[in-house]
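Here is a quick walk through a structure you may not have met before. Have a look at the picture first, then read on.

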Amino acid sequence: MSGNPYTKAPPVGKPGRPKSVQEPLFRFLPRHVTAAQVQKAMEGDINPFTKQPHTPQYKKILEMRKMLPVYAQRNEVLKMFSDNQIVIIVGETGSGKTTLIPQFVCYSDLPHTKGKLVACTQPRRVAAMSVAKRVADELDVPLGKQVGYSIRFENMTEPGTTFLQYMTDGMLLREAMNDPDLQRYSTIILDEAHERTLSTDILIGLLKSLAKRRSDLKIIIMSATLDALKFQKYFSSSETREPAPLLRVRGRMHPVEVFYTQEPEPDYVEAAIRTVLMIHRAEDPGDILLFLTGEEEIEDACRKIKLEADDLVNQDPESVGPLICIPLYSSLPPQQQQRIFDPAPSPRVPNGPPGRKIVVSTNIAETSLTIDGIVYVVDPGFSKQKVYNPRIRVESLLVSPISKASAQQRAGRAGRTRPGKCFRLYTEKDFMKELEEQTHPEILRSNLSNTVLELVKLGIKDLVRFDYVDAPAPETLMRALELLNYLSALDDDGNLTALGSIMAEFPLDPQMAKLLIVSPEFRCSNEILTIVAMLSVPNIWLRPPYRRREADEAHALLSVPDGDHLTLLNVYNNYKQNLGDRNWAWNNYLSQRALAQADNVRSQLQRNMERFDIDLVSTQDQRKLYTNVRQALVCGFFMQVAHREGEKGAYLTVKDNQVVNLHPSCGLDNQPEWVIFNEFVLTTKPYIRTVTEVRPEWLLEYAANYYDLSSFPDGETKRALQRVAGRRSKKAIEPEGSSNGRSSKQQKKAQQRQKKGQQKSPMDPVDVIVVRMQQIQMQQQ
DNA sequence: GAGCACTGC
């Protein structure tokens, strides 16, 4: 344990004032506050943080707070906090740890007396918002004053007033990029650490080393039970090797009885439907939650359940009650998601058999959304999970068996309001022997180019030896470094370049950040800004079943034959011309929600661009503009290029040589020889999605390093490029050879560099940008 | 011939 500079801080309370009535925190010694003191402050008539009398509802809420299991353990919590720099707290859902522990920390740490904050991170925005609201109510203060939240697009805090800040883990990571010591905070609480999001994992690593530099910083890691040992070991004392201190808080859950199948089920969807109907026929009243893997599966199952349930009711109206089946997945509009809170249907006739509600959901109901009143859970044991293949640089979603931890979490959903039952559609033996203990943390399943850029910006020099809780595959790190080097974000020694430093400031994938930064050189930064924003939001295209043809026709009217990126630009411009009209979006089968989100992202990115003095420019002539946009796209996405092979519409990705097809949603009116793509998706087949035609000359010109033919793998793609390079060098000798309005002087420079044979000669537009960035940085210093 | 869930000053 390190020294604690606050132990000598004077007790709170002005000496002239006699009684603790005016000063409820009188004699509170920061970080040595006792449970009795906290209890007294909580029960007092004066709010210790506002010095105002408590409102009448305060006492009501206080009674509920006192019922939470964590309250009963306040003694242990406060003592642990006083005695240690780093504490691990584990607790089941319903323990009250997310709301109460940060409050106890505030009563003890007294951050407001030293101009600091207590941060509590959440993996999700909605959680950060709703918990902050809840805690503000509990402490009887307005939300955004003493208690606030900070999430992307919304800062509900008041500098100087807020001392308890809920925030997304991603936000704290962003903050660390500009203040690696996180000086604003006196205590940092990482909640839901067991979810092991990318941001949480990086934060854990940073905090471990920060704890050594800042002995005054306290850290609390909160997690579900199973991971406790791992975190304890990870945070063990470097001197004594003692595991970090652990506190278990009890949950308040009702028992859930778990059933397994005798034999493995060959078709889990069919088995799930059968089980749901069996529960409906035979079990006591209570709602059902069924976990399936995706939208299509869910809609399909809902249809079948409804049909079969109607049959049952018709056959036996005396004993089978009515049933509603509600689908739940993230791409549903929020209004429809709200339906999960509808009550179960009433009996058809007075005193008839009661109705039942069935929610059929993706994993969203496992972590993000809780539905009260669920008594039965049906768990087929699968979910779609992200997997990353560094060899071909492809992230994809695969239906995979869930982990034991996940299965437990799912079962727990049945016991929130009363004792429940969980039907697992696999054998007990499979549960014990086949399921992994934990879901692999995201850092092992993701493309890390973004994360690596963040880490380098955070000042982490040796990425391989960074103290990860779980170290990613070296090949994944290598792939990320390679990409960042080709993008000129890192130099050949892995150091952050001026360009890379700016790129890291944008909440974007490095390719897109690069694209945005070079876009003024192509006189189309307004348009690239739009395209990047549109690529950063979920799918904008709606395609309701039974309306597929109409939707496709509407989309065809908006599409630009030169490429899907330009179609996105066109859709956004039309959306703005129609003033963001909901009906216009709906009539064109577009998601108004996604478009509004893109508009929001666009403004945020625009503010970033202005901060770095990146010009917002356009080209008037539309043909020219479209060409410029396509050229700029090459500067970011030159590694995501495919070349047509043969006549059957097959493409080969450059260098990786993966056979891919244009995704059916692609709007190109022909099959161009060269295309760049935004995404490689592996569903029924390997597809490339959001595709735009490019000229091979642009690849050689704007991505000369990557398209250095001497190091290019042999094949048809290389031969095609060689033919282009041959034509190009002939053309360059002619005096009028300027292809892109670039001066012959610039071209000469480029040729000279190529002659010199520099392995990593930077691309021209970047040259210009890097110099300008350096100037800006010098000005700022 | 077609997408789990999150996130980013």
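## The barrel

Start with one pair of residues: Glu645 has Ala650 as its bridge partner in β18. This is a predicted model, by the way. That bridge belongs to a pairing between strand β17 (residues 641-645) and strand β18 (residues 650-653), which run antiparallel and are joined by four bridges.

Zoom out a little and β17 and β18 turn out to be part of a closed barrel of five strands, running β17-β18-β19-β21-β20. The pairing around the barrel is mixed. On average, neighbouring strands here are turned by 50° against each other, if you ignore direction. Keep β21 in mind, as this strand comes back in the section on DNA.

## The open sheet

There's another sheet to find, and this one is open, with eight strands in the order β4-β3-β5-β2-β6-β7-β1-β8. Its pairing is mixed. At the edges sit β4 (154-156) and β8 (246-249), each of which pairs on one side only. From one strand to the next, the twist averages 20°.

For a pairing inside this sheet, look at strand β2 (residues 117-122) and strand β5 (residues 164-168), which pair in the parallel sense over five bridges. One of the residues to pick out is Ala119, whose bridge partner in β5 is Gln165. In general, strands of a sheet pair through backbone hydrogen bonds, either parallel or antiparallel.

## Domains and annotations

How is chain A divided up? The domain assignment gives domain 1 (35-249), domain 2 (256-443), domain 3 (447-505), domain 4 (509-637) and domain 5 (650-720). If you want a sense of the spacing, the C-alpha centres of domain 2 and domain 4 lie 37 Å apart.

UniProt, in an unreviewed entry, adds some labels of its own. It places "domain: Helicase ATP-binding" at residues 78-244. That span is 40% helix and 22% strand, and its end C-alpha atoms lie 16 Å apart. The unreviewed entry also places "domain: Helicase C-terminal" at residues 272-459. Residues 272-459 come out at 34% helix and 23% strand, with the end C-alpha atoms 50 Å apart.

## Around the DNA

Now for DNA strand B: how many residues surround it? There are 37, and the closest are Arg174, Ser330, Lys384, Asn450 and Thr683. Of the atoms of DNA strand B that come within 4 Å of the protein, sugar and phosphate account for 62%. Sorted by type, the residues of this surface divide into ten nonpolar, 15 polar and twelve charged.

Which element gives the most to the surface near DNA strand B? That's α7, with five residues. Three elements, α7 (169-178), β14 (382-389) and β21 (686-693), each supply at least two residues there. So here is the barrel strand again: β21 is one of the five in the closed barrel.

A few contacts are worth finding on screen. Arg174 has a polar side-chain atom 2.4 Å from a phosphate oxygen of DNA strand B. Thr168 also has a polar side-chain atom by a phosphate oxygen of DNA strand B, at 3.2 Å. With Arg689 the partner is a base nitrogen of DNA strand B, which lies 3.4 Å from a polar side-chain atom of this residue.

Technical notes:
Residues numbered from 1 in each chain as written. Chains lettered and ligands numbered in written order. Predicted model: local features only at pLDDT ≥ 70, side-chain atom pairs only at ≥ 80, totals over all residues. Heavy atoms only, no water. Near = heavy atom within 4 Å. Polar contact = N/O pair within 3.5 Å; in protein donor to acceptor, adjacent residues only side chain to side chain. Nonpolar A, V, L, I, M, F, W, Y, C, P; charged D, E, K, R; others polar. UniProt positions renumbered as here; feature names shortened; annotations may be inferred. Domains from an automatic or database assignment. Pairing = 2+ DSSP bridges. Axes fitted to C-alpha atoms, helices over the stretch in contact; angles between N-to-C directions.
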